[in-house]
Amino acid sequence: QVHLVESGGGLVQAGGSLRLTCTASGGAFPLFTMGWFRQAPTKEREFVATISRNGRSTDYADSVKDRFTISRDNAKGTVYLQMNSLKFEDTAVYYCAARPWAGVGDSDLFRVPAQYNRWGQGTQVTVSS
């Protein structure tokens, strides 16, 4: 079963940038749709971005569109989240998630946490105002 580990979180000033990395092991990484989610204190876990198995399709939450970029390297088993122009409201624990391909007819992109069955432990991102 695929195991996910996030890294790259930290403290940054508003307007700054961070790059999160999610490293996968133990599974056929190219067969997984990957997603990034985040959860702030007292809030529900929310969708941030998702990327298709071959990396050609992406989808973003409106709140991060044009500021964040998701990408993946299937040879390395990694998925990235480049976060630019960070805002105080981006402060949260960021989670990487994986969804295995369900076969012919399955969608390429997924926004709902329940559609993913593998999660990392999360990495804290704190943006100071």
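This is a short walk through the model, stop by stop, with something to select each time.

Before you click, note that the model is predicted: local features need pLDDT of at least 70, side-chain atom pairs count only at pLDDT 80 or more, and totals for chains, interfaces and linings use all residues. Residues are numbered from 1 along each chain as its sequence is written, and side-chain values use heavy atoms, with hydrogens and water left out.

**Stop 1: the open sheet**

Select residues 3–7, which make up strand S1. Strands here are DSSP runs (E, at least two residues), numbered from the N terminus. Turn on side chains and you'll see them alternate: Leu 4 and Glu 6 point to one face and are buried, while His 3, Val 5 and Ser 7 point to the other and are not. Buried means under 20% relative accessible area, exposed over 50%, and partly exposed in between (1.4 Å probe, protein chains only).

Now add residues 18–25, strand S3, which runs antiparallel to S1 and is joined to it by 5 bridges. Two strands pair if DSSP finds at least two bridges between them. Label Val 5 and look across to Thr 23 in S3, which stands opposite. From Thr 23, carry on to Thr 78, its bridge partner in S8. Strand S8 covers residues 78–83 and is joined to S3 by 6 bridges, again antiparallel.

Zoom out, and you have an open sheet of 4 strands in the order S1-S3-S8-S7, with antiparallel pairing. S1 and S7 (68–73) are the edge strands, each pairing on one side only. On average, neighbouring strands of this sheet are turned by 15° against each other, direction ignored; the axes are lines fitted to C-alpha atoms, and angles run from 0 to 180 degrees between N-to-C directions.

**Stop 2: the nonpolar core**

Show Met 34, Trp 36, Val 79, Leu 81, Met 83 and Tyr 94 as sticks: of the 35 residues in the largest nonpolar core, these touch the most other members. Such a core is a set of buried Ala, Val, Leu, Ile, Met, Phe, Trp, Tyr and Cys residues joined through side-chain atoms within 4.5 Å. Elements giving two or more residues to this core include S3, S4 (32–39), S8 and S11 (123–128). The largest share, 5 residues, comes from S9.

**Stop 3: the largest pocket**

Next, pick Arg 38, Gln 39, Phe 88 and Glu 89, which are among the residues lining the largest pocket. That lining divides into 4 nonpolar, 2 polar and 5 charged residues.

**Stop 4: some loops**

Which loop holds Thr 42? Look between S4 and S5. Thr 42 is exposed, with a relative accessible area of 88%, and its phi is near 70°, a positive value in a residue other than glycine. Most residues other than glycine have a negative phi.

Asp 66 is another one to check: its phi is positive too, about 75°, although it is not a glycine. You'll find Asp 66 in the loop between S6 (58–60) and S7, and it counts as exposed because its relative accessibility is 79%.

Is Leu 86, in the loop between S8 and S9, buried or exposed? Leu 86 counts as buried, at 2% relative accessibility. Draw a distance from its C-alpha to that of Lys 65, 21 residues away along the chain, and you should get 12 Å.

Finish at Arg 111, in the loop between S9 and S10 (118–119). Arg 111 is partly exposed, with a relative accessible area of 38%.

Key: On a 1 Å grid over the protein atoms alone, a cavity is a set of points where a 1.4 Å probe fits but cannot get out, and a pocket is an open set with protein on both sides within 12 Å along at least five of seven lines; lining residues have an atom within 4 Å of a point. Ala, Val, Leu, Ile, Met, Phe, Trp, Tyr, Cys and Pro count as nonpolar, Asp, Glu, Lys and Arg as charged, and the others, Gly among them, as polar.
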